[in-house]
Each structure stands twice: as structure tokens, then as C-alpha cells.
Number of protein chains: 2
Amino acid sequence: MSIATVSRVLNNPDLVARATSEKVQRAVRELGYRPNLFAKSLLSKRSRVIGVSLPDIHGEFYAELMHAADRRARELGYHLLVSAGAHQTDTDDATPGGSFALDLVDGLIVMLTERSRADLEAIANLNIPAAVIGCDRPGARVETITYDNILGAEQATEHLLEGTPPERCYFVGTHRGNLDSDDRARAFCDALRARGHEPEDDQVAYGEFTFEWGWDWATARMDADALAGAAVFAANDEIAVGIANAARERGLEMPRDVRLVGFDDSRICTLLRPEISSVRIPIPELASEAIDALVRRIEHPEQDPKHTRLATSLIVRDSSRIGAGA
Amino acid sequence: MSIATVSRVLNNPDLVARATSEKVQRAVRELGYRPNLFAKSLLSKRSRVIGVSLPDIHGEFYAELMHAADRRARELGYHLLVSAGAHQTDTDDATPGGSFALDLVDGLIVMLTERSRADLEAIANLNIPAAVIGCDRPGARVETITYDNILGAEQATEHLLEGTPPERCYFVGTHRGNLDSDDRARAFCDALRARGHEPEDDQVAYGEFTFEWGWDWATARMDADALAGAAVFAANDEIAVGIANAARERGLEMPRDVRLVGFDDSRICTLLRPEISSVRIPIPELASEAIDALVRRIEHPEQDPKHTRLATSLIVRDSSRIGAGA
DNA sequence: CGGGGTGATGTAATCGTTTTCATCGGTTAT
DNA sequence: ATAACCGATGAAAACGATTACATCACCCCG
């Protein structure tokens, strides 16, 4: 047996005689032989490893995303190399995955949440197959997979507008520049305008993605004027919970006195009473589409990058249901 | 210039003349040369990649763990290859990380939660540097890093016993065989015995790590007899939240009517009102100790594996505070 | 002035695969 | 009977680095 024959048995079994093949196979099993991946990669320039760069592994969102991505990657024979919080730690290194073992991975999945940093172009310029989650721009030279913030926010706002006059509707977002929050704010305003109401300054607030910000906003608002009769659309569930707690503390009940919708449909929405309405992002699909897109890019670089946008959906629960008062 | 010289400039700069070195460095920068990692690994048999095998990437616990692990690994020049839910998907493949690219990683971090599967021995037999989180056994041939379930559960139980008689204390766990739940149950029982009370069968319940189970348990218990005046120690926060909600639904208030302590000190504990007492696991330290231990094992295989146990601490909040009634 | 030490660099083997090309026996077709 | 062909296998080059060893110029000293 020469090494060449062994290699053929393992890769192109039909090139080798039946008898020889079986003898080799047996030997392989008995000796527990496993081809050396480094040598393989050295030759093929492929590692079957995908790098995933997240703004911050925090909370269930990223956990779920990783979970689904890993599952799909495994199905396709790839492994996931994770890079948490690459963006913010790399001070000004505009290219996400800068600290990454770029030459170790076959491709990169990058999730973007902020407008300024880590432009799509910068990622495209890495000259490595890439798929971007959370940000798209027509004609981008990378695959993009997004969830329809506009659609979800529209649905949420419309739902609130059904039972509440436009001037009593509020949007509580995070800081300007956050891609998600900005889109949601815009859709909120547009929906109000569609009803002929130009949103006042105080109907749209900017803060952070935290419970505390939600609490503070609600408290400040109740101090300024009553929150009773209002409908609030929070840019994420944590903010929503903060608002819910602050409201309850002052004796306001949902949905009777205040109607509330969050975003992300996280676990907590169904852990509170009343349960909180929220816009669902199809995280598993998001992850699995991203993997699929990236693998397509890796294995068929000649094809043009696709731009996928997944639908979101409003899940109505008691916190905003019309007529579900206590 | 020969390639050998270049290699020396990059690895042993002192072996090469100053002038040559600078010339090479300049060329390297201008050409954007980067050594091929595969070739490097082929020779050194090192990839500087660490595999992380988790029972299931789900919820914030694992997100936080990954976050901290990645951070520490990066500091030490390693990358993380993640394998989510390896255990349960690999039907009977007793070795976790079976589906893993074992020959791609320098070492393995495995988190164990169930007794039966994926024995420490099986991991040791992989003959690859390994660190196990969540399970230890004296003399194990792998590094182990655990958090002190017994200590935390003891503190929690003692705290409950301070204001509630032992016969009105309950432990609500997950299924038998779960390492965490079992330890916590044992510590709970021992604490009761230390007060001279042998726990009744119905004082310790087994279910799942879910909100629903907590809710069901509490509801069933309230149907059987009153929960008022009881103190409940839940094996994790989700169960605790289920219990809290069920109790409130029946008009019971915490801590006046029911006192409650959870485990994990997850985000939700401070999102509910009243805030829920819980036992904190030092996740960042857990992750970073695991990485340190593994890297030690990789780089100094001659040293004996260490077994580290991190302390947990009870965080008392309003759900169980004595005299904090409404 | 020649030999040995020294510091800088080049040569070539090596790591473990894949893959091209050559070889070789054996059929088949002419 | 010979040429053409074919299927199976081996030999060797390549992938891109590291590193032991050889080489070489040079300097110092006896």
C-alpha cells in the first residue's frame, strides 16, 4: 500500500479496487487513523471553519443565534469560531474581526448593530467570504441577512393605534445610531404620520437597551404628566419590562391604563403578568440563513451575493390587548 | 533573502542582523505578508484553538460563560471553537465533542450537567488536554472547575430557615441526575436535618428547569394545602419565577405569605417585583479559570491537573427578606 | 599567517496530506 | 500478433512554513 492509495480510499473510493479498499478501510479502523486536518487545510486552503463576530455575546438573543448557527453549520460540515465583543474591544479597529484569526477561517459572519462602526465596505474589503447580519445596503458586496424592523415596528404601532389615539403613543428607543432602534423609531413615526399626526418630540425617546432606562423613562413621564391612557412601544423587551414595572408601581395596570409592546419576543415576555406583547425575530432562521449564505459564498464565489430580509411578526399578548383589561 | 531568513525575522529576530531584519520587516509590511497558519500548525501541531462543548447554548448563563471565556482566551492568544448542544444531539456517542474537530483543537472545555452522560473518564480518555466545568471527582485526570452548589444551597436554606420552620420549607428541583439540582437538593435536606427535621417526601420535588414546572408545582401545592407561610428554594430562577407568578395569581404576596429563593442570579431576578433572592454563580471567573486551567494543561502537560471550586454567594432580595412584608 | 571561533545566511529536510503523472499488467480490437 | 486502451497502483511534487545543519566571511589570537 502506498500513501497515495490510502488517500484515494478516503477521498475517491471509486478510483481504487474493491479488495484494496476494504483492506485499507480495515487498517484505518484498527489503527484509529485520522487524517491530519492541518495538512489537509494547507493543501486545500480550506479549514471548514466559520468565524462569527458578534457585537457582544450577551443575553439570550446571541445565545439563540449561536445555537442555531452552530446547528446549521454542523449540518454542512463546518465549525464555528466565535469572537465575542470584537467590535467594542478593538478600540478603533474599524474592521470587525480584526483580532480574528482571519486566515484560519473560510468565511466570516458579522452581526452589526451600530451605524458608524464596521461598515459593510470594510467587511467586503477583507476579501474573505462574508455574511452580515442586521445591516444591509443595496448592492453591498457581501451577503446580508436582515430582519424586517420596519415591518415589525409598523405592525406594533398599528396595533397600538387601533385602541389609542396617535398623540398618546410613545416610542422608547436606545441611543441614536443603533440600527435596530433607528429603524423602529422611523417606522413608528411613519405610522403616526399615516394617521395624519406628526409625532411630537417627546413621543420618541432615546436611551439604552436596559431595564433601568425603561423605568426611568416611565417614571419621568409619569412625573411630567399621566401615563394613563397611553400606549408605549419599546425598542426591546428589557426596556418594556422597566416601563411595566414603573407603571405598576404607580398603580397603573396593563392593558387597562397603559398598553405596552416590546421587541425581540424574549423569554421574559411570557414570564411576566400580564404577558408582554412583542415583535418576534425569527432567530433560528436568521442564523441558519446566514450560514447558508456564507457557505454558498465560500463554495460558489462566482455567484452574486444575495440580500435576504426575514419577516418579523407581532405577538399580541395581554399587555396591549384591546379590551383585555382587568 | 532566503525564506529561512524571513522566518527567523518573524520568530527569532535576534538571530538575524539588524539591517537585514529591518529590510525584511519593511517588505513584510508592504506586501502585507501573513504567515500561513495551516503550515504553522502542520509543523507545530498546535492551532491555538480551544474547543468549547456546552450541553446547550441557551439562556444567558451560557452566553455569559462564552463571553468571559472568549475574552480570556483572546488574552492568551487562543480562539474558541464552539460546539453547542453536542451532548444531546450525539445520540449515544458518550464522548462529548464526539462530532468535534478534535484534531483541530489544542484542548477541550466541556461543561457537564448530567450525571450519566459523558463521564469524566471518557473525556480523559480522549487523550487531549481538557478542562471540565460543573463536575468534579477527586483524582480525575482532567482539570475541573466547579462552583460550590452545596455552599450556595446551604446559605439559601439557612436563610429560609431563619424565618420559617423546617417543615414549611420546600425544594423544587429539576429531574434527578442533574448534577446541579441533585447537589442543591442534598444541601437543602442536610440543612433541614441539621435543625433536627427529617425532610418529608413532599418537601423535595423533581421536575424540569422551566417556568412551567415552577408554576405547576406551586399550583398543585396550593391545591393540596396552603402555600402561605412556606419558604421555597427553587433550583433555578426560571422555576422560581413560575412559583412567584402562580403564588401571586392566588393572592399570595412575597415575602409576606411566601418566601422564595432561586439559583443563578440571572437577569430576571431584578426585573420582577419584588426582586427575587438568588444564589450567584461567578460565571466570569468560572470561564476564565477554565481557560487558564486548560491553557496550563496545554502548555505544561507534565503538571498534575488541578481541581478548582469557586464559591457561590446568596444574594438576598425582597422575595425572601424577613420583615420586608408589604 | 593560518586555525578556530563567531555571527549571519543559505540549503534542504520535514510536517501529512492531495494530486498529477508514470508505470504496468491485462484486455480488447484490428 | 500488435497496437491501443484501461483500471489500479506507486512515485514524486506540491502546499508554506520551521529548523538543524552546512557554509561562508570575518576577526582575533597565537
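**Entry 1. DNA strand C**

I began with the phosphates of DNA strand C and found a polar side-chain atom of A:Asn11 at 2.9 Å from a phosphate oxygen of that strand. The model I am reading is a predicted one. I then looked for backbone partners on the same strand. A polar backbone atom of B:Ser2 stands 2.9 Å from a phosphate oxygen of DNA strand C, and for a polar backbone atom of A:Arg34 I noted 3.5 Å to a phosphate oxygen. The elements giving two or more residues to this surface are α1 (3-11) and α3 (37-44) of chain A, together with α1 (3-11) and α3 (37-44) of chain B. I recorded α1(A) as the source of the largest share, five residues.

I listed 24 residues around DNA strand C, and those that come nearest are A:Ser7, A:Asn11, A:Leu43, B:Thr5 and B:Thr20. By class, the residues of this surface divide into 13 nonpolar, six polar and five charged. On the DNA side, I noted that 60% of the strand C atoms within 4 Å of the protein belong to sugar or phosphate, and the rest to bases.

**Entry 2. DNA strand D**

I turned to DNA strand D, which 24 residues surround; A:Thr5, A:Thr20, B:Ser7, B:Asn36 and B:Leu43 are the closest. Sugar and phosphate make up 67% of the strand D atoms that come within 4 Å of the protein. I looked up three phosphate contacts. A polar side-chain atom of B:Ser7 lies 2.4 Å from a phosphate oxygen of DNA strand D. For a polar side-chain atom of B:Tyr33 the distance to a phosphate oxygen of the strand is 2.8 Å. From chain A, a backbone N or O atom of A:Ala17 is 2.9 Å from a phosphate oxygen of DNA strand D.

I found that α1 and α3 of chain A and α1 and α3 of chain B each supply at least two residues of the surface near DNA strand D. The residues of that surface comprise 13 nonpolar, six polar and five charged.

**Entry 3. Aromatic rings**

I counted 12 aromatic pairs over all chains. I examined B:Tyr170 and B:Trp217, an edge-to-face pair with 5.6 Å centre to centre and 65° between the planes. B:Tyr170 belongs to strand β6 (residues 169-174) of chain B and B:Trp217 to helix α9 (residues 211-224) of chain B, so the pair ties together parts that are 47 residues apart in sequence. B:Tyr170 counts as buried because its relative accessible area, 4%, is under 20%. B:Trp217, at 6%, is buried as well.

In chain A, I traced a cluster in which ring pairs link A:Phe171, A:Phe188, A:Phe233 and A:Phe263. The charged end of A:Arg184 sits over the ring of A:Phe263, 3.5 Å from its centre. In chain B, I found B:Arg184 over the face of B:Phe263, at 3.5 Å from the ring centre.

**Entry 4. Helix α11 of chain B**

I checked the length of helix α11 (residues 283-299) of chain B. At 1.5 Å a residue its 17 residues should span 24 Å, and its end C-alpha atoms are 24 Å apart, which agrees. Among the buried residues of α11(B) I noted B:Ile283, B:Leu286, B:Ile291, B:Leu294, B:Arg296 and B:Arg297.

**Entry 5. Backbone geometry**

I looked for cis peptide bonds in chain B. The bond from B:Met254 to B:Pro255 is cis, with omega near -5°, and B:Pro255 sits in the loop between α10 (237-249) and β9 (258-264) of chain B. The bond from B:Arg273 to B:Pro274 is also cis, with omega near -5°; B:Pro274 is in the loop between β9 and β10 (277-280) of chain B.

I then took up positive phi values outside glycine. A:Asp264, in strand β9 (residues 258-264) of chain A, has a phi of about 120°. Its relative accessible area is 21%, which makes A:Asp264 partly exposed. B:Asp264, in strand β9 of chain B, has phi near 120° and counts as partly exposed at 22%.

**Entry 6. Two buried residues of chain A**

I located A:Ser278 in strand β10 (residues 277-280) of chain A, buried with a relative accessible area of 0%. A polar atom of the A:Ser278 side chain lies 2.8 Å from the backbone nitrogen of A:Asp265.

A:Ala235 occupies the loop between β8 (230-234) and α10 (237-249) of chain A, and its relative accessible area of 0% places it among the buried residues. From A:Ala235 to A:Ser313 I noted 78 residues in sequence and 14 Å in space, C-alpha to C-alpha.

Key: Residues are numbered from 1 along each chain as its sequence is written. Chains are lettered from A and ligands numbered from 1 in the order in which they are written. This is a predicted model: local features need pLDDT of at least 70, side-chain atom pairs count only at pLDDT 80 or more; totals for chains, interfaces and linings use all residues. Side-chain values use heavy atoms; hydrogens and water are left out. A residue is near a molecule or strand if one of its heavy atoms lies within 4 Å of it. A polar contact is a pair of N or O atoms within 3.5 Å; within protein, one must be able to donate a hydrogen and the other to accept it, and residues adjacent in sequence count only if both atoms are side-chain atoms. Helices (H or I, at least four residues) and strands (E, at least two) are DSSP runs, numbered from the N terminus. Ala, Val, Leu, Ile, Met, Phe, Trp, Tyr, Cys and Pro count as nonpolar, Asp, Glu, Lys and Arg as charged, and the others, Gly among them, as polar. The expected span of a helix is 1.5 Å times one less than its number of residues. Buried means under 20% relative accessible area, exposed over 50%, partly exposed in between (1.4 Å probe, protein chains only). Rings of Phe, Tyr and Trp (its six-membered ring) pair if their centres lie within 6.5 Å; planes under 30 degrees apart count as stacked, over 60 as edge-to-face and the rest as tilted. A charge sits over a ring if NZ of Lys or CZ of Arg is within 6 Å of the ring centre and within 35 degrees of the ring normal.
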